[in-house]
Amino acid sequence: MIAAKQTIITKEHDPFVETLIFYNDLKAYGKGFWGFYQKAKEKGVHYIKARPYDVFENSETKNLTLRYEDLSSGELKKEEVELLVLSTGLIPSDRNPSLAKVLEIELDSLGFFKEKDPLLSPLETKVKGIYLCGGAIGPIDISESVVQATAASMRAILTN
């Protein structure tokens, strides 16, 4: 979503700038995020499901060439760009397994802390008195993280 935001801002300053977002796993997880993604596409942002594997500079033009596997077709392709911005996905801490073991709480398949039941018992773990919020559960924006932190603290106050 950060990449979508930045490309929308760029397009608002200059609608003729060509913008591409290479992704392999698109997550529009928050309220209104799918609409934000759609707005970026409407402004002309091109989304390419791909796995980039090489970047090199053209010594004459100083442009960059990005080589990638197009995940929709399986073809190897390349794209020449003037500017390349790398944005990385969020991964859980490699210390989560040891903390989960000490606290006796579970991790999900990606390595984030697992809620007891995301629909019926959000932010709760299977251990009484331990609540989760924010990036501990997975990728989340700041405003939703604040809401979760408030909810988790209220749960802790009300159940103890």
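The following exercises, each with a worked solution, concern a predicted model.

**Exercise 1.** Determine how the chain is divided into domains and how far apart the C-alpha centres of domain 1 and domain 2 lie.

*Solution.* The division gives domain 1 at residues 2–81 and domain 2 at residues 96–158. Between the C-alpha centres of these two domains the separation is 32 Å.

**Exercise 2.** Describe the open sheet of four strands: its order, its edge strands and the pairing of β1 with β2.

*Solution.* Begin with the order, which is β1-β2-β3-β4, with mixed pairing. Next, identify the strands that pair on one side only: these are β1 (20–23) and β4 (76–81), the edge strands. Neighbouring strands of this sheet are turned against each other by 55° on average, direction ignored. Then consider β1 and β2, the latter comprising residues 46–57: the two pair in the parallel sense over four bridges. Finally, locate I21, which stands opposite Y47 in β2.

**Exercise 3.** Classify the aromatic pair formed by W34 and Y37, and place both residues in their helix.

*Solution.* A search of the whole structure yields four aromatic pairs. For W34 and Y37, the centre-to-centre distance is 4.6 Å and the angle between the planes is 40°. Planes under 30 degrees apart would count as stacked and over 60 as edge-to-face, so the pair is tilted. Both residues belong to helix α2 (residues 33–42); because they are three residues apart, about one helical turn separates them.

**Exercise 4.** Decide whether Y37 is buried or exposed, and name the aromatic cluster that contains Y37.

*Solution.* The relative accessibility of Y37 is 8%. Buried means under 20%, and therefore Y37 counts as buried. The cluster consists of Y23, W34, Y37 and Y47.

Notes: Residues are numbered from 1 along each chain as its sequence is written. This is a predicted model: local features need pLDDT of at least 70, side-chain atom pairs count only at pLDDT 80 or more; totals for chains, interfaces and linings use all residues. Side-chain values use heavy atoms; hydrogens and water are left out. Domain bounds come from an automatic or database domain assignment. Two strands pair if DSSP finds at least two bridges between them. Axes are lines fitted to C-alpha atoms, for helices over the stretch in contact, and angles run from 0 to 180 degrees between N-to-C directions. Rings of Phe, Tyr and Trp (its six-membered ring) pair if their centres lie within 6.5 Å; planes under 30 degrees apart count as stacked, over 60 as edge-to-face and the rest as tilted. Buried means under 20% relative accessible area, exposed over 50%, partly exposed in between (1.4 Å probe, protein chains only).
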